[in-house]
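Here are a few exercises for getting to know a structure you haven't met before. Try each task on your own, then check the steps below it.

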Amino acid sequence: MEQLEQQQAETLGAIAEAATPEAVEAIRVAALGKQGWVSALLKTLGGMSPEQRQSEGPKIHAAREAVTAALAERKGALEAAALDARLAAETVDLSLPAPEAPKGSVHPVSQVMDELAEIFADMGFAVASGPEIEDDWHNFTALNMPETHPARAMHDTFYFPDKDAEGRAMLLRTHTSPVQIRAMLKQGAPLRVIAPGRVYRSDSDATHTPMFHQIEGLVIDKGIHLGHLKWTLETFLKAFFERDDIVLRLRPSYFPFTEPSVEVDVGYTVVNGKRVVGGGGDVENGGWMEVLGSGMVNRRVIEFGGLDPDQWQGFAFGTGVDRLAMLKYGMDDLRAFFDGDVRWLQHYGFGALDVPTLSGGVGVKA
Ligand code: PHE
């Protein structure tokens, strides 16, 4: 029996020192396996006298239990250590540095279009669009400019050599106003849309490029009047320039597709020799600059849009997106907008994650 105690002590010692699950398993086989020493001792119980069995049996069983428990504990400890090691080896280093300079930037025109969409969405306007390759019916005729109308000549239109299947002259749209017609024909009334996009005119100097961007606005509903137009434009300009001291001056004007037509000037103040939108107007260090063309939609245009002008009225406005960007962000040469110079883009561009929101500020710069 001394031998049992010695073997048990040796086995427990070996278990405590076993470094791998395989070593633990080998010890288990040597002790509890068919040929193991514990199993051999258990077999001797059959040959014992009842008295001997009574005194030795519990010792042998106790040895088996002690070894079994030690094996399980050691196995568990080794498995836990292996798992810890694996978890430590498999970690992902989330502190890896980001690229030094973000690549690419959002062009100010895209940024301003996003700002406009956000501002007008808040007033219930959806975004509509139309083709840049237009026919002269949508671009001119349906906007109350028949073939002989002198206003057509003012547009410096790029025409295509061929007519379309219906015999209409094809052109690059000269303004976003044809989207008024397309929106009315497609969606009917009531209607509240803006239409930003590219337009084309044969014109080129520091403030004119052959391609530029406009945004159109159109509201068609019942009982719409000039007051709605003025409130909408004032609300829009205050949100866009992010100041409350926006003053508007509405001047009588002429567009074939609106009646009456108004050109909208916004007050500016001269700060450090530069014109800044806000305040201004008829005061000493201020003045007015034209920012929008607008008016009540001409009855004939509502008819061309497939609606009854005795039932539906509306207002429309249009303005240059590039010019709005220049006024807000301070560029002074329009041509640089389309040069694709990365230094210009780095300076005037916006971060891709800088999505304009009314709550966060529509023009926050990275
Ligand atoms: N389409 C006009 C332009 O290009 C602007 C405008 C739009 C005027 C809507 C009145 C109403 O100059």
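**Exercise 1. A helix and its buried side**

Task: In this predicted model, find which residues of helix 2 are buried, and work out how they are arranged around the helix axis.

Solution:
- Step 1. Look for the buried residues: they include Val24, Ile27 and Ala31 in helix 2.
- Step 2. Now look down the axis of helix 2: its buried residues fall within an arc of 60°, so they line one face of the helix.
- Step 3. A general rule fits in here: an α-helix has 3.6 residues a turn, so residues three or four places apart point the same way.
- Step 4. What do the buried residues of helix 2 pack against? They pack against helix 1 (2-17), helix 3 (37-44) and helix 4 (50-89).
- Step 5. Check the length as well. Helix 2 covers residues 21-32, which is 12 residues, and at 1.5 Å a residue these should span 16 Å. The end C-alpha atoms of helix 2 are 16 Å apart, so the two values agree.

**Exercise 2. Following the charges**

Task: Take the salt bridge between aspartate 135 and arginine 182, and find where in the chain its two partners sit.

Solution:
- Step 1. Start with the general idea: side chains of opposite charge can pair when their charged atoms come close.
- Step 2. Check the distance. From N to O, aspartate 135 and arginine 182 are 3.9 Å apart, and the cut-off for a salt bridge is 4 Å.
- Step 3. Place the partners: aspartate 135 belongs to strand 2 (residues 133-135) and arginine 182 to helix 7 (residues 178-187). They are 47 residues apart, so this pair links distant parts of the chain.
- Step 4. Are the partners buried or exposed? Aspartate 135 has a relative accessibility of 7%, so it counts as buried. Arginine 182 comes out at 27%, so it is partly exposed.

Task: Now do the same for the salt bridge of aspartate 341 with arginine 343, and then look for a network of shared partners.

Solution:
- Step 1. The N to O distance between aspartate 341 and arginine 343 is 2.7 Å.
- Step 2. Aspartate 341, at 26% relative accessibility, is partly exposed, whereas arginine 343, at 62%, is exposed.
- Step 3. For the network, follow salt bridges that share partners: they join Glu134, Asp135, Glu166, Arg168 and Arg182.
- Step 4. One of the links is the salt bridge between arginine 168 and glutamate 166, at 3.9 Å from N to O. Arginine 168 is partly exposed at 22%, and glutamate 166 is exposed at 61%.
- Step 5. For the full tally, the structure holds 18 salt bridges.

**Exercise 3. Rings around phenylalanine 120**

Task: Describe how the ring of phenylalanine 120 pairs with those of phenylalanine 125 and phenylalanine 236.

Solution:
- Step 1. The structure has 12 aromatic pairs to choose from. In the pair of phenylalanine 120 and phenylalanine 125, the ring centres are 5.1 Å apart and the planes meet at 70°, so the pair is edge-to-face.
- Step 2. With phenylalanine 236, the centres are 4.9 Å apart and the planes make an angle of 40°, which gives a tilted pair.
- Step 3. This second pair links distant parts of the chain: phenylalanine 120 is in helix 5 (residues 108-122) and phenylalanine 236 is in helix 8 (residues 226-241), 116 residues apart.
- Step 4. Phenylalanine 120 and phenylalanine 125 are buried, and phenylalanine 236 is buried too.
- Step 5. Which cluster do these rings belong to? It is made of Phe120, Phe125, Phe236, Phe240, Phe241, Phe315 and Phe317.
- Step 6. Phenylalanine 240 also has a charge over its face: lysine 328 lies there, 4.4 Å from the ring centre.

**Exercise 4. Unusual backbone spots**

Task: Find where the cis peptide bonds before proline 190 and proline 260 lie, then look at the phi of glutamate 242.

Solution:
- Step 1. Remember the background: most residues other than glycine have a negative phi, and most peptide bonds are trans.
- Step 2. Alanine 189 and proline 190 are joined by a cis bond with omega about -5°. Proline 190 sits in the loop between helix 7 and strand 5 (191-200).
- Step 3. The bond from glutamate 259 to proline 260 is cis, with omega near -5°, and proline 260 is in strand 8 (residues 258-271).
- Step 4. Glutamate 242 has a positive phi of about 55°. Its place is in the loop between helix 8 and strand 7 (248-255).

Key:
Residues are numbered from 1 along each chain as its sequence is written. This is a predicted model: local features need pLDDT of at least 70, side-chain atom pairs count only at pLDDT 80 or more; totals for chains, interfaces and linings use all residues. Side-chain values use heavy atoms; hydrogens and water are left out. A salt bridge is a side-chain nitrogen of Lys or Arg within 4 Å of a carboxyl oxygen of Asp or Glu. Helices (H or I, at least four residues) and strands (E, at least two) are DSSP runs, numbered from the N terminus. Buried means under 20% relative accessible area, exposed over 50%, partly exposed in between (1.4 Å probe, protein chains only). The expected span of a helix is 1.5 Å times one less than its number of residues. The arc is that of the directions from the helix axis to the C-beta atoms. Contact means heavy atoms within 4.5 Å. Rings of Phe, Tyr and Trp (its six-membered ring) pair if their centres lie within 6.5 Å; planes under 30 degrees apart count as stacked, over 60 as edge-to-face and the rest as tilted. A charge sits over a ring if NZ of Lys or CZ of Arg is within 6 Å of the ring centre and within 35 degrees of the ring normal.
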